[in-house]
Amino acid sequence: MKAFRGTVVYIPGDPRAERDALRFIEDGLLVLDEGRIVSAAPYAEPPGIEVVDYRGRLLMPGFVDAHVHSAQTDVIASPSDSLLDWLDRHTFPAEARFADAAYAREASEYFIDELLRNGTTTAAVFPSVHPESVDAFFEAADRRGLRMAAGKVMMDRHCPQAVRDEAERSYRDSQALIRRWHGRARLAYAVTPRFAPTSSERQLELAGRLLQEHAGLLLQTHLSEHEEEVRWVRELFPWAKNYLEVYARYGMLRPGALFAHCLHLESGEWDKLAAGGAAAVHCPSSNLFLGSGLFDFAAARRSGAAVGLGSDVGGGTSFSMLRTMHDAHKVARTRRVPFDALDGFYLATLGGARALGMQERIGSFQPGREADFVVLRPDATSLLARRMAQAETIEARLFLLMTLGDERAVEATYILGEMSRVSS
């Protein structure tokens with residue numbers, strides 16, 4: 001057994017829908033056994049258990065990044081005029097490099113180091129079309145004992161040859177990867193068609209077949225990220241009433257489906273997404289960077305759809321979920337929608353876990369949950385320390401971390417109760 005002393009904070013429910021959506025113990029004790037939470041309670045010296053002392057620090061559940069690209073680290077901060085231009089000029093050439101297994105391994109190790117350095121303990125990850133990229137990511141994640149989801153990108157048209165697969169081969173490669181990795185240790189496989197325009201209808205059909213053939217798979221893709229993309233979908237799928245209907249026809253509108261962005265949904269799409277049990281993933285940093293649009297929090301909340309938060313590296317410009325929360329706050333306020341620190345930390349912890357269907361395993365400090373957690377320093381910078389001295393409530397302290405914090409505020413990241421070590 002292990003015990004950690006510090007300020008214990010977690011959010012056991014959606015603050016916009018559930019009462020008492022904050023658990024806060026100023027001088028708390030987090031007790032673990034075999035990598036799982038036993039209790040989170042006011043401090044009392046535990047007999048026979050050595051206590052790791054983090055007084056003056058916040059102990060919170062590890063962050064969940066519900067949409068991020070392991071093959072795009074090297075295109076962060078690449079300027080472009082639009083989403084589709086950015087894909088052609090920067091993303092596809094970078095992802096082509098992942099055909100090289102040695103490069104894929106090195107890049108995956110660096111990517112996971114950055115996640116952990118920023119306090120992210122679980123993520124839904126897009127590698128590239130190359131099976132080597134998926135093996136490299138899962139090998140690195142498995143070696144560190146991480147709870148992660150990923151899958152081979154499926155893309156058989158409207159892209160360069162170096163990152164193009166073929167529908168039947170993509171299906172066979174995905175089958176092999178599912179057998180190799182899904183359910184192994186803490187890993188989950190996500191069927192991953194990039195987005196409808198780069199998959200033929202045959203490939204979308206086969207992606208849906210994978211979901212039917214294997215229990216417990218996730219589905220991740222992009223939906224209505226940019227108005228130019230939405231117009232393209234109308235041209236390519238004239239039979240569809242809207243973008244979401246394309247995915248629904250092939251069995252992808254379902255629990256465990258993650259639809260990134262959801263910026264330009266038409267009337268009725270939010271309700272249909274919620275009714276299907278799927279989740280939207282808000283990616284504010286990349287949406288602002290690429291000028292794609294502003295997430296409609298009001299519509300999402302009215303629909304009752306699950307919502308997670310994604311850094312969307314490399315369209316997003318930081319691995320830090322603190323900075324991603326900050327951008328989400330800016331988007332919400334621009335939309336004239338309330339958004340406070342509890343909203344942000346909920347999306348980055350339990351909200352993300354719910355989006356991935358992992359809320360019974362991660363995202364809170366409820367007894368029995370896996371002990372993935374982060375230690376946050378309220379005085380990580382001189383400005384944070386100065387402002388924290390004036391904060392009178394835990395909500396004020398969390399808001400300062402959300403708006404002024406970044407990776408410097410992450411003192412340590414724990415995986416199943418063990419401190420993670422970065423390799424780079």
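Colleague: Which helix supplies the largest share of the lining of the largest pocket?

Modeller: That's H12, with five residues. Keep in mind that this is a predicted model, where local features need pLDDT of at least 70, side-chain atom pairs count only at pLDDT 80 or more, and totals for chains, interfaces and linings use all residues. Residues are numbered from 1 along each chain as its sequence is written, and side-chain values use heavy atoms, with hydrogens and water left out.

Colleague: What makes something a pocket rather than a cavity?

Modeller: It's about whether a probe can get out. On a 1 Å grid over the protein atoms alone, a cavity is a set of points where a 1.4 Å probe fits but cannot get out, while a pocket is an open set with protein on both sides within 12 Å along at least five of seven lines. Lining residues have an atom within 4 Å of a point. The largest pocket holds about 330 Å³ of space, and among its 17 lining residues Asp14, Arg301, Ala305, Val307 and Tyr346 lie nearest the centre. Helix H10 (297–303), S13 and H12 each give at least two residues to this lining.

Colleague: How do you get a volume from a grid?

Modeller: Grid points are joined across faces, edges and corners, and the volume is the space filled by probe spheres set on those points. For the second largest pocket that comes to about 250 Å³. Its lining has 17 residues, with His182, Ala188, Gly216, Leu218 and Arg361 nearest the centre.

Colleague: What makes a lining residue count as nonpolar, polar or charged?

Modeller: There's a fixed list: Ala, Val, Leu, Ile, Met, Phe, Trp, Tyr, Cys and Pro are nonpolar, Asp, Glu, Lys and Arg are charged, and the others, Gly among them, are polar. The largest pocket's lining then splits into 10 nonpolar, two polar and five charged residues. For the second largest pocket, the split is eight nonpolar, five polar and four charged.

Colleague: And how many cavities of 30 Å³ or more are there in the whole structure?

Modeller: The search finds two. The largest cavity has about 110 Å³ of space, and of its 13 lining residues His69, Leu83, Leu87, His222 and Glu225 lie nearest the centre. The second largest has about 30 Å³, and it is lined by Gly62, Val64, Thr121, Thr122, Ile362, Gly363 and Asp372.

Colleague: Why is S16 called a strand?

Modeller: Helices (H or I, at least four residues) and strands (E, at least two) are DSSP runs, numbered from the N terminus. S16 covers residues 418–419, so it meets the strand minimum of two.

Colleague: Why is methionine 419 in S16 called partly exposed?

Modeller: Buried means under 20% relative accessible area, exposed means over 50%, and partly exposed is in between (1.4 Å probe, protein chains only). Methionine 419 has 32%, so it lands in that middle range. Serine 303 in helix H10 has 16%, so it is buried.

Colleague: How do you know which residues methionine 419 touches?

Modeller: Contact means heavy atoms within 4.5 Å. Leaving out residues up to four places away in sequence, methionine 419 touches Tyr54, Ala412, Thr413 and Tyr414. With the same exclusion, serine 303 touches Trp270, Asp271 and Ala274.

Colleague: Why is the crossing of H12 and H14 called left-handed?

Modeller: A crossing is left-handed if the near helix is turned anticlockwise from the far one by less than a right angle, and right-handed if clockwise. H12 (residues 341–355) and H14 (residues 394–404) cross at roughly 65 degrees, with axes coming within 8 Å. The axes are lines fitted to C-alpha atoms, for helices over the stretch in contact, and angles run from 0 to 180 degrees between N-to-C directions. The crossing of H12 and H14 counts as left-handed. Ala341, Leu342, Gly344 and Phe345 in H12 meet Glu395, Leu398, Phe399, Leu401 and Met402 in H14.

Colleague: What makes the backbone of serine 224 worth a look?

Modeller: Serine 224 has a positive phi of about 50 degrees although it is not a glycine. Most residues other than glycine have a negative phi, and most peptide bonds are trans. Aspartate 312 also has a positive phi, near 50 degrees. At 1% relative accessible area serine 224 is buried, and aspartate 312 is buried at 4%.

Colleague: Which residues are joined by a cis peptide bond?

Modeller: Valine 313 and glycine 314, with omega at about 5 degrees. Glycine 314 sits in the loop between strand S13 (306–309) and helix H11 (321–334), and aspartate 312 is in the loop between S13 and H11 too.
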